[in-house]
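The following exercises concern the sheets, a helix and the charged pairs of one protein model. Please work through each task before reading its solution.

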Amino acid sequence: MAEIHPTAIVDPTAELADDVKIGSYCVVGPHVTLGPGCVLHSHVVLGGPSVFGKGNEFFPFSVIGLKSQDLKYKGEPTYLEVGDYNVFRENANINRSTSPETKTVIGSYNHFLINSHCGHECVVGNHVILSGYAGVAGHCQIGDWAIISGFAALHQFVRVGAHAMVGGCARVPQDIAPYVIAEGFPAAIRAVNTIGLTRRGFAEADIRALKFAYRKIFLDKNCDKEAAMDLVLADEVYGSNEHVLHLINFLRSSERGFAH
């Protein structure tokens, strides 16, 4: 049976795997499902309907799965879906969706550090880090391996591409391309995330291709971005690189426009 501290409150409708550990003064609300190996240290609050996979770890005063903070929310059942082996540090906060037809979705192996926030209908990939006090408004999308540094603030509906890094205290009103470093107020693209890509095993040829695309698309702030992307795709050496194609598809699918 699950190990539940006597001071914890667990709603009868919650579903707990046999090896879940729930520490002192935790509250597990209605319709919360906790998978194998989940650990709630103390003073954790989980709301539902929410589903958590295996191996998730919750530190004191993290509040995950409570109702949307969107003023349009009218009290319907809405949802949060969380994968495996995520870490929610002290005071981390993630909300359920506003609409019953949608979900807030968190992948696996993510770290939500102290006082970080992820709003309703956000979709977060895998291996993402939200550093301390990072704020992600509703409907945002964050790709795999992205890093949102401390005190950065993402506007509603912004996308951050895979392997991107957003610098500390950045204001992010537009999409951030994959594979790059962005920082500033508002955020601007500063470089290819070379160190991050190298650490994750990207081939030198792929990094060279991304640097080529970066120079063509982002370095000249006054260039025609669509024309620059066409030039990149026409290049015989780099135009067919899979990561370059992903970068350009991301930029061309932007609805809010992208930082440059």
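**Preliminaries.** This is a predicted model, in which local features need pLDDT of at least 70, side-chain atom pairs count only at pLDDT 80 or more, and totals for chains, interfaces and linings use all residues. Residues are numbered from 1 along each chain as its sequence is written, and side-chain values use heavy atoms, with hydrogens and water left out.

**Exercise 1.** Classify D230 and R252 by accessibility, and describe the salt bridge between them.

*Solution.* Begin with accessibility: D230 counts as partly exposed because its relative accessibility is 42%. R252, at 36%, is likewise partly exposed. The classes are defined as follows: buried means under 20% relative accessible area, exposed over 50%, and partly exposed in between (1.4 Å probe, protein chains only).

Next, consider the contact itself. The side chains of R252 and D230 meet in a salt bridge at 2.6 Å, N to O. This pair links distant parts of the chain, with R252 in helix 4 and D230 in helix 3, 22 residues apart. A salt bridge here is a side-chain nitrogen of Lys or Arg within 4 Å of a carboxyl oxygen of Asp or Glu. Helices (H or I, at least four residues) and strands (E, at least two) are DSSP runs, numbered from the N terminus.

Finally, widen the view: E226 joins D230 and R252 in a network of salt bridges.

**Exercise 2.** Determine which residues of helix 4 are buried, and what covers them.

*Solution.* Helix 4 spans residues 242-252, and its buried residues are H243, V244, L247, I248, F250 and L251. They lie on the same side of helix 4, because they cover an arc of only 155° around the axis; the arc is that of the directions from the helix axis to the C-beta atoms. The face turned away from this buried side carries the exposed residues E242 and N249. The cover over the buried residues includes strand 24, helix 2 (204-219) and helix 3 (225-234), where contact means heavy atoms within 4.5 Å.

**Exercise 3.** Compare the charged pairs R208–E204 and E183–R190.

*Solution.* The side chains of R208 and E204 form a salt bridge with an N to O distance of 4.0 Å. Both residues belong to helix 2 and are four residues apart, about one turn of the helix. E204 is exposed at 62% relative accessible area, while R208 is partly exposed at 43%.

For E183 and R190, the closest N and O atoms are 2.7 Å apart. Each partner is partly exposed: E183 has a relative accessible area of 33%, and R190 one of 42%. In total, the structure holds eight salt bridges.

**Exercise 4.** Which strands stand at the edges of the two open sheets?

*Solution.* Take the sheet of eight strands, ordered 3-6-9-12-15-18-21-24 with parallel pairing. Its edge strands are strand 3 (15-16) and strand 24 (159-160), each pairing on one side only. Two strands pair if DSSP finds at least two bridges between them. Two bridges join strand 3 to strand 6 (residues 32-34), and these strands run parallel; L16 has L34 in strand 6 as its bridge partner.

The other open sheet has eleven strands in the order 1-4-7-10-13-16-19-22-25-27-28, with mixed pairing. Strand 1 (3-4) and strand 28 (187-192) stand at its edges, each with a single partner strand, so one side of each is left without a neighbour in the sheet. Within this sheet, strand 16 (residues 111-112) is joined to strand 19 by two bridges, and the two run parallel. The bridge partner of F112 in strand 19 is L130.
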